[in-house]
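Let's take a walk through a protein model together. Have the sequence and the 3D view ready, and we'll go from one small detail out to the whole chain.

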Amino acid sequence: MAISWLTVLQSVPWSDVISNAPKVADGAKKLWGSMGRKSGATAPAGSDLSPAEDQSIASLHTRLLAVEAELASQHEQLLASSELIKALADQNALLIARAEAARVRIGRLWISALLLGGIAAAGLVLHFVR
């Protein structure tokens, strides 16, 4: 049974959608903010090694710090994404539940209309038979 879009849109709990909209927007802002943020690496302290070894170790240390910072940034992005996905999934589940309730209600209305139509037809037949 096809449900018209107007019926679906009318059965949407817009107050819930509107009340949850700031949470979704904040989640999206956090996600975009954490994606655009890059943290730099700090230089390591000096040591008793030769300049070539010290430079090599410093380069490796800098690269390691950069990789750790990127990993932390990606972890934050993952958490922000999961929060946003959870909020959207909750809203989607609510929307689906309301759409299903509307579908059931429309089915009951069709059955009621058919029964009333049958009763009206039977009444007309009885009226013309008498």
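Is E100 buried, partly exposed or exposed? With a relative accessible area of 38%, E100 is partly exposed. That's because the value falls between the cut-offs: buried means under 20%, and exposed means over 50%. Keep in mind that you're looking at a predicted model.

Now look for the partner of E100. Its side chain meets that of R103 in a salt bridge, with 2.6 Å from N to O. R103 is partly exposed too, and its relative accessible area is 38%. Both R103 and E100 sit in helix 3, and the three residues from one to the other make about one turn of the helix. If you go hunting for other pairs like this, here's the tally: a search of the whole structure turns up one salt bridge.

Stay in helix 3, which covers residues 51–129, and find Q91. Why does Q91 count as buried? Its relative accessibility is 19%, and buried means under 20%, so Q91 falls on the buried side of the cut-off. Q91 also shows you how the chain comes back on itself in space: N20 is 71 residues away along the chain, yet the C-alpha atoms of Q91 and N20 are separated by 8.0 Å.

Time to zoom out. The protein chain has three helices and zero strands, so to speak an α-α-α run when you read the elements from the N terminus on. Among contacts between residues at least 6 apart in sequence, 81% join residues at least 24 apart. Of the 130 residues in the chain, 12% count as buried. The accessible surface comes to about 10200 Å², and carbon and sulfur atoms account for 68% of that.

How far can you trust what you see? The chain averages a pLDDT of 79, and 75% of the residues score at least 70. Among the elements, helix 3 has the highest mean pLDDT, 89, while helix 2 (residues 14–36) has the lowest, 69. Then there's the stretch of residues 38–44, where the pLDDT is below 50. In the model, this stretch has 11 contacts beyond near neighbours in sequence. Go easy on spots like that, because predicted coordinates shouldn't be read in detail where pLDDT is low.

Note on methods: Residues are numbered from 1 along each chain as its sequence is written. This is a predicted model: local features need pLDDT of at least 70, side-chain atom pairs count only at pLDDT 80 or more; totals for chains, interfaces and linings use all residues. Side-chain values use heavy atoms; hydrogens and water are left out. Helices (H or I, at least four residues) and strands (E, at least two) are DSSP runs, numbered from the N terminus. Buried means under 20% relative accessible area, exposed over 50%, partly exposed in between (1.4 Å probe, protein chains only). A salt bridge is a side-chain nitrogen of Lys or Arg within 4 Å of a carboxyl oxygen of Asp or Glu. Contact means heavy atoms within 4.5 Å. Accessible areas come from the Shrake-Rupley method with a 1.4 Å probe; for residues, only the protein chains shown count as cover. pLDDT is the predictor's confidence in each residue, from 0 to 100.
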